[in-house]
Amino acid sequence: MSGQVDEGLRSELQKQGIWVTSTQELYNWGRRNSIWPLQFGLACCAIEMIATAASRYDLARFGGEVFRPSPRQADLMIVAGTVTKKMAPQIVRLYNQMPDPKYVISMGACAISGGPFKQGYNVLKGIDRYIPVDVYIPGCPPRPEALLHAFMELQRKIDGQKLTGEKKAPFLDRKQPSEFPVPAFGAHDLEPPANPDVFRPPVVERT
Amino acid sequence: MTPDPYFFIVIFCGVAVVFPLMPLALAWLWRKFFQPPKPGPAKNATYECGVESIGEARGQFQSQYYLYCIIFLIFDVEAIFLVPFAVAFTGLPLGAFIAILVFLLLLIEGLVWAWSKGCLD
């Protein structure tokens, strides 16, 4: 595995035209350069997502241009836009239907926290209440460059995932769940309002 | 010595079997050693668009549009068949003539039916 070959020896071999790699590096290299997003837009952020995929910003440079219309073929879910409480169960179900390894980018203020609709009655206050989010992009809406940056951050994260050992990636761990409970419509709100296994908001310390 | 010309087909068949089996075997090994399968009710669901399916897949549809189908056959499909019939009319044997008359009779029957239903009013 990675780390067994000395870095100096590796670069020395590389100069001679011999490329030394490990299964983990090869695996992550392949995965990070062919992230297929789910073709799934919710609101105005989706327009920026479309612009990112189109010719000017060209998501294809990062291997992510293949937007899949089916969750079965997607690696990445870009939650682009306002998540209403009506839509939240569908998003969780779509996430559940994606095969492992799967990643989530929470794009825009609404998907992160509810954004300008946070005080409203019908908008979910952040998709991270139900599914684990890998990268957050602030902005209303974020520019395509911001989405590209998030994409690169995700690639960096994938690159650092371990195949074996104690700190291996969660999708390789038999005990880690792949599906998360789908919220149901209650009398006033979604039931439950958040999944405590997933939603761990930062505690604000006031002095 | 030249090999048998059909020997290449044997090679081709061998490659055709091995080529798809290799990634399948690789995926099987990967599942065994690295990534445990995690099936679930949503992942195994037939419908895949986020919305839960309701009812049964076998539903009955009302055939209310059969009259449109009859009219289409009479005025559209029939015309296409009538043109070659008219062109080759003088050289047709008796059997072909009777066959096309049967065909016309069936469609005229449909016309009478559609007329009596009030489709042409």
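Student: In which loop of chain A is Pro101(A) found?

Tutor: In this predicted model, Pro101(A) belongs to the loop that runs between helix H4 (88–97) and strand E2 (103–107) of chain A.

Student: How should I read the peptide bond that joins Asp100(A) and Pro101(A), as cis or trans?

Tutor: The angle to consult is omega. For Asp100(A) and Pro101(A), omega is about -10 degrees, and the bond is cis. A further cis peptide bond leads from Cys140(A) to Pro141(A), again with omega near -10 degrees. Pro141(A) also lies in a loop, the one between strand E3 (135–137) and helix H6 (144–159) of chain A.

Student: Turning to phi, what is its value at Asp58(A)?

Tutor: Phi of Asp58(A) is near 60 degrees, which is positive although the residue is not glycine. Asp58(A) sits in the loop between helix H3 (44–53) and strand E1 (76–80) of chain A. With a relative accessible area of 27%, Asp58(A) is partly exposed, because that class covers values between 20% and 50%. In chain B, a positive phi is found at Gly118(B), which follows H3(B) and has a phi near 90 degrees.

Student: How many helices and strands does chain A contain, and in what pattern do they follow one another?

Tutor: Chain A has six helices and five strands. Along the sequence, their order is α-α-α-β-α-β-α-β-α-β-β. The C-alpha atoms occupy a box of roughly 65 × 45 × 40 Å along the principal axes.

Student: How much of chain A is buried, and what share of its contacts joins residues at least 24 apart?

Tutor: Of the 207 residues in chain A, 43% are buried. If one takes the contacts between residues at least 6 apart in sequence, 74% of them link residues at least 24 apart. The accessible surface of the chain is about 11300 Å², and carbon and sulfur atoms account for 56% of it. As to charge, chain A carries 25 positive and 21 negative charges, whose mean positions are 4 Å apart.

Student: How many disulfides does the structure hold?

Tutor: A disulfide is a covalent bond between the sulfur atoms of two cysteines. Over all chains, the structure holds zero disulfides. Consider Cys44(A): its closest cysteine sulfur, in Cys45(A), is 5.8 Å away, which is too far for a bond, because a disulfide requires the two sulfur atoms to be within 2.5 Å. Cys44(A) is exposed, at 52% relative accessibility. Cys119(B) is likewise in no disulfide, and the nearest cysteine sulfur, in Cys69(B), is 12 Å away. At 32% relative accessibility, Cys119(B) is partly exposed.

Student: What span should helix H3 of chain B have, and against which helix do its buried residues pack?

Tutor: The expected span rests on 1.5 Å a residue. Helix H3 of chain B has 23 residues (94–116) and should therefore span 33 Å; the distance between its end C-alpha atoms is 32 Å, in agreement. Its buried residues are Ile100(B), Leu104(B), Leu107(B), Gly110(B) and Ala114(B). These buried residues pack against helix H2 (66–87) of chain B.

Student: Where in chain B is Gly59(B) found, and how far is its C-alpha atom from that of Pro5(B)?

Tutor: Gly59(B) is in the loop that connects helix H1 (7–33) with H2 of chain B. Its relative accessible area is 45%, so Gly59(B) counts as partly exposed. Gly59(B) and Pro5(B) are 54 residues apart along the chain, and their C-alpha atoms are separated by 55 Å.

How values were computed
Residues are numbered from 1 along each chain as its sequence is written. Chains are lettered from A and ligands numbered from 1 in the order in which they are written. This is a predicted model: local features need pLDDT of at least 70, side-chain atom pairs count only at pLDDT 80 or more; totals for chains, interfaces and linings use all residues. Side-chain values use heavy atoms; hydrogens and water are left out. Helices (H or I, at least four residues) and strands (E, at least two) are DSSP runs, numbered from the N terminus. Buried means under 20% relative accessible area, exposed over 50%, partly exposed in between (1.4 Å probe, protein chains only). Contact means heavy atoms within 4.5 Å. Accessible areas come from the Shrake-Rupley method with a 1.4 Å probe; for residues, only the protein chains shown count as cover. Lys and Arg count as positive and Asp and Glu as negative; His and the chain ends are not counted. The place of a charge is taken as NZ of Lys, CZ of Arg, CG of Asp or CD of Glu. The expected span of a helix is 1.5 Å times one less than its number of residues.
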